[in-house]
Amino acid sequence: MSLLGEGNLLNYIEPVFRPPSEWKSLILQVTNGCSWNKCSFCDMYTAPQKRFRAQKLDKVADDIKAVASRGVSVSRIFLADGDAMSLPFSRLEEICLLIREHLPQVTRISSYCLPRNLKNKSPEQLLRLRELGLSLFYIGCESGDDEVLKRIEKGETYASSLEALNKIKAAGIKSSVMILNGLGGTALSDQHAINSARLMNAAQPEFLSTLVVTLPLGTQRMDKSYDGLFQLPDPMGLFSEMQTLLQHLELNKTIFRSDHASNYLVLKGILGKDKSSLLAQVESAINRPKETLLRQEWQRGL
């Protein structure tokens, strides 16, 4: 796919994924795929052409210059694919400097970020990236429960996720954390919700979103991770899990969104001031589903 029409400008290696809130952003593909790519719930980067590799700096520079030469109005840039922060600090600094030089009107650079990718980046390096405009990370924590994280082969723990989130906050970079509703299946639903809330309470991220586990290519990998016993909760089970999560969340000023296309129930608010209102909406979905506005199956998607 070419973003700017003919002329081989910004040719992406597809599929390309981005957070819903980055729909107005320029997608700059600085890596292809995901360096971990082992999570049993994730099929995003399993296509052969999505094998992980870093894009050459010359290619990234050409893309930035192509956008600048066309006079395209760009205020935000999202660094794709799923693992841009796996790049070494020096490469990330070079990319941010190129953006500043050729697209000086850009006010925000953002990226997905795996917690493990921050282990080899010092606080000073993160501060430098923040100074250059990299001001928001999307962190797929998925869960705060160590048993769930082990089963889905996330390669992270409660402790490693919290360490990364604290490091990000110390650098003045904002975090948008994603938790997956239903990831513990029916068996681990309660502990998944409670420990995910515990992680969020400790980290106090600026943004928190929940998505429902969706397995478009089948359940085989999740079944294997759960010893053949994985069972995704039905909508009522998902609402009950959301209720448990919200009940245990003690956040000071976090923008909360559960409005991704995978969700049956759309929730929006600020935690904690809207906690009671959000819980009331979930309780309505549980107790009065016919009176509650819910997405039908045909309305849901990735």
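**Cavities and two buried residues**

The largest cavity in this predicted model has a volume of about 70 Å³.

Reader: Which element gives the largest share of the lining of the largest cavity?

Author: Good place to start! The lining includes Leu-238, Phe-239 and Met-242. Helix H8 covers residues 235-248, and the largest share of the lining, 3 residues, comes from helix H8.

Reader: How many residues of the lining of the second largest cavity are charged?

Author: Let's look at who is there. This cavity holds about 60 Å³ of space, and its lining includes Ile-179, His-192, Ser-196 and Glu-241. Glu counts as charged. Sorting the lining gives 5 nonpolar and 4 polar residues, and the number of charged ones is 1.

Reader: Is Ser-143 buried or exposed?

Author: Ser-143 sits in the loop between strand S6 and helix H4. Leaving aside neighbours within four places in sequence, Ser-143 touches residues including Ile-179, His-192 and Ser-196. Buried means under 20% relative accessible area. Because its relative accessibility is 0%, Ser-143 counts as buried.

Reader: Which residue offers its backbone oxygen to the side chain of Asn-32?

Author: Asn-32 belongs to strand S2 and is buried, with a relative accessible area of 0%. Its side chain makes a polar contact with the side chain of Lys-50 at 2.7 Å. The side chain of Asn-32 also reaches a backbone oxygen at 3.1 Å, and that oxygen belongs to Arg-51.

Key. Residues numbered from 1 in each chain as written. Predicted model: local features only at pLDDT ≥ 70, side-chain atom pairs only at ≥ 80, totals over all residues. Heavy atoms only, no water. Helix = DSSP H or I, 4+ residues; strand = E, 2+ residues; numbered from the N terminus. Buried < 20%, exposed > 50% of the residue type's maximum accessible area, 1.4 Å probe, protein only. Contact = heavy atoms within 4.5 Å. Polar contact = N/O pair within 3.5 Å; in protein donor to acceptor, adjacent residues only side chain to side chain. 1 Å grid on protein atoms, 1.4 Å probe; cavity = no way out; pocket = protein on both sides within 12 Å on 5 of 7 lines; lining within 4 Å. Points joined across faces, edges and corners; volume = space filled by probe spheres on them.
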